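Thanks for coming, everyone. I'll take a few minutes to walk through one model. Please have the viewer open.

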Amino acid sequence: MRAYNGIERPDFTPEQISELKTDEVFVFGSNLEGMHGGGAAYYAFKHFGAMMGCGVGLRGQSYAIPTMQGGVETIEPYVSSFIAFAREHPEHFFYVTRIGCGIAGFRDKEIAPLFSEAVALENVCLPESFVKVLK
């Protein structure tokens, strides 16, 4: 466990997140059209404020990163934008799910390197499988 803003947080993003504290954000893989029909995207839509038609960025307590538009190289700019956003918003604590590793069909070893700069951010929590790849 680690503390951020005086609250105990896990070292890694939990596999199941059923509720969030007011400062926490669920980071999920989406498609550019914002059609959140399955997986973590649907969960974000049903529970954490993701909006249909919005496939990029913060909505409610969710942050969408597009993963369905091509190869890893097409995901990288969106991950970079997310990391910059997290740096600029220390008032939020971000739980990054295994974006791209479900419906989009990528593997952890392909996606995790995109988050290498996020490891140093105290307000970003990554999946354990990503951290293992990065070490």
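Which element gives the largest share of the lining of the largest pocket? Hold that thought for a moment. One caution before the answer: this is a predicted model.

Now the pocket. Its volume is about 690 Å³. There are 31 lining residues, and the closest to the centre are Gly39, Ala40, Thr97, Arg98 and Ile99. Three elements give two or more residues to that lining: E3, H1 and helix H4, residues 128-134. And the answer is H1, which supplies the largest share, 4 residues.

Next, the sheet. Five strands form it, and the sheet is open. Read the order across as E4-E5-E3-E6-E7. The pairing is mixed. Look at the edges: strand E4, residues 57-59, and strand E7, residues 124-125, each have a single partner strand, so one side of each has no neighbour in the sheet.

Start from the E4 edge. E4 and strand E5, residues 62-66, run antiparallel and are joined by 3 bridges. One pair to find on screen: Arg59 has Ser62 in E5 as its bridge partner.

Two helices pack on this sheet. Helix H1, residues 39-47, touches E3 and E5. The direction of H1 makes about 140 degrees with that of E3. Helix H2 covers residues 72-88. H2 touches E3, E4, E5, strand E6 (93-96) and E7. The direction of H2 makes about 155 degrees with that of E5.

Now go to E3. How do its neighbours run? E3 pairs with E5 in the parallel sense, over 5 bridges. With E6, E3 also pairs in the parallel sense, over 4 bridges. Two positions mark these pairings. Ser30 stands opposite Pro66 in E5. Glu24 stands opposite Phe93 in E6.

Is E3 mostly covered or open? Covered: 7 of its 7 residues are buried. As a reminder, side chains in a regular strand alternate between the two faces of the sheet. Here, Glu24, Phe26, Phe28 and Ser30 point one way. Val25, Val27 and Gly29 point the other way. Both sets are buried.

Let's stop at Glu24. This residue lies in strand E3, residues 24-30. Is Glu24 buried or exposed? The relative accessible area of Glu24 is 3%. The cut-off for buried is under 20%, so Glu24 counts as buried.

What does the Glu24 side chain meet there? Its polar contact with the side chain of Tyr95 is at 3.1 Å. A polar atom of the Glu24 side chain also lies 2.8 Å from the backbone nitrogen of Lys21. Beyond neighbours within four places in sequence, Glu24 is in contact with Arg9, Gln61, Phe93 and Tyr95. Phe93 is the residue opposite Glu24 in E6, as I said.

Step back to Asp23. Asp23 sits in the loop between E2 and E3. Its relative accessibility is 11%, so Asp23 counts as buried. The side chain of Asp23 makes a polar contact with the side chain of Arg9, at 2.6 Å. Arg9 is also on the contact list of Glu24. Leaving out residues up to four places away in sequence, Asp23 touches Asn5, Ile7, Arg9, Glu91, His92 and Phe93.

That brings us to Asn5. Where is Asn5 found? In the loop between strand E1 (2-4) and strand E2 (7-9). Check the backbone there. Asn5 has a positive phi of about 55 degrees, although this residue is not a glycine. At 47% relative accessibility, Asn5 counts as partly exposed.

Last stop: Leu134. This one lies in helix H4. Leu134 has a relative accessible area of 28%, so we call it partly exposed. Which residues does Leu134 touch, not counting those up to four places away in sequence? They are Ala112, Pro113, Phe115, Ser116, Val119 and Leu126. One distance for your notes: the C-alpha atoms of Leu134 and Ile103 are separated by 22 Å, with the two residues 31 apart along the chain.

To recap: H1 gives the largest share of the pocket lining. E3 has E5 and E6 as parallel partners. Glu24, in E3, is buried, with a polar contact to Tyr95. Over to you for questions.

Methods:
Residues are numbered from 1 along each chain as its sequence is written. This is a predicted model: local features need pLDDT of at least 70, side-chain atom pairs count only at pLDDT 80 or more; totals for chains, interfaces and linings use all residues. Side-chain values use heavy atoms; hydrogens and water are left out. Buried means under 20% relative accessible area, exposed over 50%, partly exposed in between (1.4 Å probe, protein chains only). A polar contact is a pair of N or O atoms within 3.5 Å; within protein, one must be able to donate a hydrogen and the other to accept it, and residues adjacent in sequence count only if both atoms are side-chain atoms. Contact means heavy atoms within 4.5 Å. Two strands pair if DSSP finds at least two bridges between them. Axes are lines fitted to C-alpha atoms, for helices over the stretch in contact, and angles run from 0 to 180 degrees between N-to-C directions. On a 1 Å grid over the protein atoms alone, a cavity is a set of points where a 1.4 Å probe fits but cannot get out, and a pocket is an open set with protein on both sides within 12 Å along at least five of seven lines; lining residues have an atom within 4 Å of a point. Grid points are joined across faces, edges and corners, and a volume is the space filled by probe spheres set on the points.
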